[in-house]
Each structure stands twice: as structure tokens, then as C-alpha cells.
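Biologist: Could you take a close look at one part of this model for me, the aromatic rings and how they pair up? Feel free to wander to whatever sits around them afterwards.

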Amino acid sequence: MPLTDLACRNAKPSEKSRKIADGGGLYLEIMPSGSKYWRLKYRFLGKEKRLAFGVYPEVSLVEARGKRDDARKLIASGKDPSELKKEEKRIAELNSENTFEAIAREWHGQRKHEWVASHAESVLVRLERHVFKKLGTRPIVDIDAPELLAVFRVVEKSGALDMAQRIMQYCGKVFMYAIATGRIRRNPVPDLKGALKSPVRKHHAHIGANELPEYLEKLEAYDGNPITKLALKFLLLTFVRTTELRAAEWSEINFDKAEWRIPAERMKMKETHIVALSTQAIAVLRELQNHSGNREHIFPNERTPSKFMSENTMLYALYRMGYHSRTTGHGFRSTASTILNEHGFAPDVIERQLAHGERNKVRAAYNHAQYLPERRKMMQWWADYLEGVKND
């Protein structure tokens, strides 16, 4: 006789567990403690099995019957409901481990050795600040394009268009890593192509050839920290990236060969870069030896000499000289490139000295010394040109 809710509610425990049947294999098991559990007894491939449906009254009689009917349909179709339940539990546990944050941190750990420390930290901080707070605990398999877009939109609305694009790129790489490691089958990020506003790319502010005499005059008159002044001189003579200059170490300088060999791990393109040093650049280094020759870094930090110069030191010096919005440390690369091109130097030689990336990675590995004789002549011409401009 089928059970009623009243019968379930009034069923009393005894010294041993007992069962009251409903029908179709469904029964309520009453434990000596008074707890009541829904069970289903069924046979699959000739073997008797049990399936738990939960505790009464949290799972009502009507709900238990629904679960029984669903299980019976599975059995009729040749599927074992117990095994399916185990699989669902396994997938749920797997999803709880494979959250977006867990996989993103794993991806970051696999890639950070390829990046400079500051970039590796920046990638993780951006993900923590903008993505993990919203999607970090979500199983990565459940995250779709609209969810991601909502996160990117918050960054976009703040006006940080470039950062929104970068964060989207990082997320795309996390999803690709999840595909490669068998956690998911599809990356939703490509679905968002064109959904975000594209940042307007601005060239670094830089001074032209006609402005160099005034700049050199102001640099000569600069009365701030002498190491900062010499750093600006050396930057103009070598037109490297400011990040490459600030972290320069004395061990990288070969005075006999008049070369500065910047190791690959400090270069944007991860290739060793040779800077041919003019006689004027060597002279600046000799003067710097009087200030920092006993230290690891050529341009030590003012407050913490064991570290290298901070990223704003030269920029603030340029501000003091009256060049706010007129040029940046990076801008001297554009100044040098423009003038050298105008004076007939081969574009390939200029590009190599600027350490712009070689598309062919195999070729790039052997090209750090490419055009070195031509670059030596060009760098000396550039230093002589600057000296001539200053003396005019």
C-alpha cells in the first residue's frame, strides 16, 4: 500500500532500522536515531543495488517519488542511476577544484619565468583586482562570454580601455591553458571580438631636431641629483628603453669593446641586445663610476641604493626641466629614430639598434649582433651629432 505523508511523519524508530515501502522499489528507512532516509531498491544487469534520495522531511514524499520515476526511466534506457550519480559528484568535485582563479594562478605559475618580475606581478594583480573578485570561485567550465564581458565592461567604463583589452587577453590565455590541460573544450573569449572599445594609440611625446639645442642646454644646467642627470645623458646617447637603462648593471659593460650587453631576461623581446657605446657614452660611464662604481647597479635608487632607479626619477627630472607633456624618457627613441632616418641610415640598422622584435624567433636567436659594425658607426655619428648640436 502506498505511503502517505502522515504515515511518513508518524513513523517511529525502533531498536533496529526498519523500512516502510511506498512502491516501485521506493522505501523510507527509519533509523534507531529517528532519522528517516529515502532509498530506492532496483536491479541493474542482474545485480541488486540501492540509491539514496535524501532525508525526510527535507525531501518530501512527492519529491522522492519524482526521483524514483526519473531513476526508473534511466534504468529502462540502459543507464545505471547510481553510476550517473557518482559521475555527477565527480564532475561537481572537479569543477570545485577547477575554478577560474585556481586555473589562472596555475597558468601564471607556468608562464611567469618567461616574463620580467614586474610584468609577472602586474598580470597577477590585474587578475586579482578585476577578475577573481567576480569570477574567481566559478568553475571555469561554466563561465560564458556574457559573464566575461560584464567584468571587462567595468574596467572599460573606468576609462582604462587599454587595460580592459589586456585583461581580456589574459583571460583568453587562461582559457586556452584550461583547454590544453583538459579542463574545458572551448574558449569563450574570441566571441567577444569587437565588443570592447579599442584604445586610441598615442605615440610617446618626443622632441624634434629643432628642439634638441634647448633641451641639451637645459640638461647641462640641471642641478638635481648628478646620477639622474647622467642617466638622462646616457639615455639620449643610447636611446634604449627606460626599463633597460634603469636596471643596468656594471657587469654588463665591456669598456674594452665599448659595448653594453643587455641580457635577454631584461629585454622586452627576450633577446640579448648589444648597445655599441660611443666615446661620449663611455665618458658618461666613467663619470658614473665616481658615483656608483662600487655598486651593482649603474643607476642606483636614491632611497634604497641596493636597488635600481625608480621609474619616475627621470620623468620627474624632465618635468623640472619644463618638458611635462613635451617628451618622456621613451620619447628619445622616437627622436633618435626620426633623425637617423632623415640622415640616411639604413632602416634595418636603426630598427636593430632600437631592439624592435624579430618576427622569426629562430632567426632572432642568432641576430643580437646583427649589423654591429654599422651600428657602431651610427652610434658614434649620433653622439657626435648631439655634441655638434649642443655646441652650435
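Modeller: Sure, and keep in mind that this is a predicted model. Let's start with the rings. The structure holds twelve aromatic pairs. One of them joins Trp 38 and Tyr 56 in an edge-to-face arrangement, with 6.1 Å between the centres and 80 degrees between the planes. As for where the partners sit, Trp 38 belongs to strand S3 (residues 36-44) and Tyr 56 to strand S4 (residues 47-56), so the pair links distant parts of the chain, 18 residues apart. Trp 38 and Tyr 56 are both buried, and buried here stands for under 20% relative accessible area.

Now compare that with Trp 382 and Tyr 385, which are stacked: the centres are 5.7 Å apart and the planes make an angle of 15 degrees. The stacked label follows because planes under 30 degrees apart count as stacked, while those over 60 count as edge-to-face. This pair is a local affair, with Trp 382 and Tyr 385 both in helix H16 (residues 372-391), three residues apart, or about one turn of the helix. Both rings' residues, Trp 382 and Tyr 385, are buried too. They also have company: ring pairs tie Phe 239, Phe 345, Trp 381, Trp 382 and Tyr 385 together into a cluster.

One more ring deserves a mention, this time for a charge. Arg 286 lies over the face of Phe 255, 3.9 Å from the ring centre.

Next, a small sheet. Strands S5, S6 and S7 make an open sheet of three strands in the order S5-S6-S7, with antiparallel pairing. S5 (253-254) and S7 (273-276) are the edge strands, each pairing on one side only. Strand S6 (residues 259-262) pairs with S7 in the antiparallel sense over four bridges. Across that pairing, Ile 262 stands opposite His 273 in S7.

His 273 brings us to the last stop, since His 273 is also among the residues lining the largest cavity. A search of the whole structure finds one cavity of 30 Å³ or more, and the largest cavity has a volume of about 40 Å³. Its lining consists of Met 267, Met 269, Glu 271, Thr 272, His 273, Arg 352 and Ala 355. By character, the lining residues divide into three nonpolar, two polar and two charged. So His 273 turns up twice, because it stands opposite Ile 262 in a strand pairing and also lines the cavity.

How values were computed. Residues are numbered from 1 along each chain as its sequence is written. This is a predicted model: local features need pLDDT of at least 70, side-chain atom pairs count only at pLDDT 80 or more; totals for chains, interfaces and linings use all residues. Side-chain values use heavy atoms; hydrogens and water are left out. On a 1 Å grid over the protein atoms alone, a cavity is a set of points where a 1.4 Å probe fits but cannot get out, and a pocket is an open set with protein on both sides within 12 Å along at least five of seven lines; lining residues have an atom within 4 Å of a point. Grid points are joined across faces, edges and corners, and a volume is the space filled by probe spheres set on the points. Ala, Val, Leu, Ile, Met, Phe, Trp, Tyr, Cys and Pro count as nonpolar, Asp, Glu, Lys and Arg as charged, and the others, Gly among them, as polar. Rings of Phe, Tyr and Trp (its six-membered ring) pair if their centres lie within 6.5 Å; planes under 30 degrees apart count as stacked, over 60 as edge-to-face and the rest as tilted. Helices (H or I, at least four residues) and strands (E, at least two) are DSSP runs, numbered from the N terminus. Buried means under 20% relative accessible area, exposed over 50%, partly exposed in between (1.4 Å probe, protein chains only). A charge sits over a ring if NZ of Lys or CZ of Arg is within 6 Å of the ring centre and within 35 degrees of the ring normal. Two strands pair if DSSP finds at least two bridges between them.
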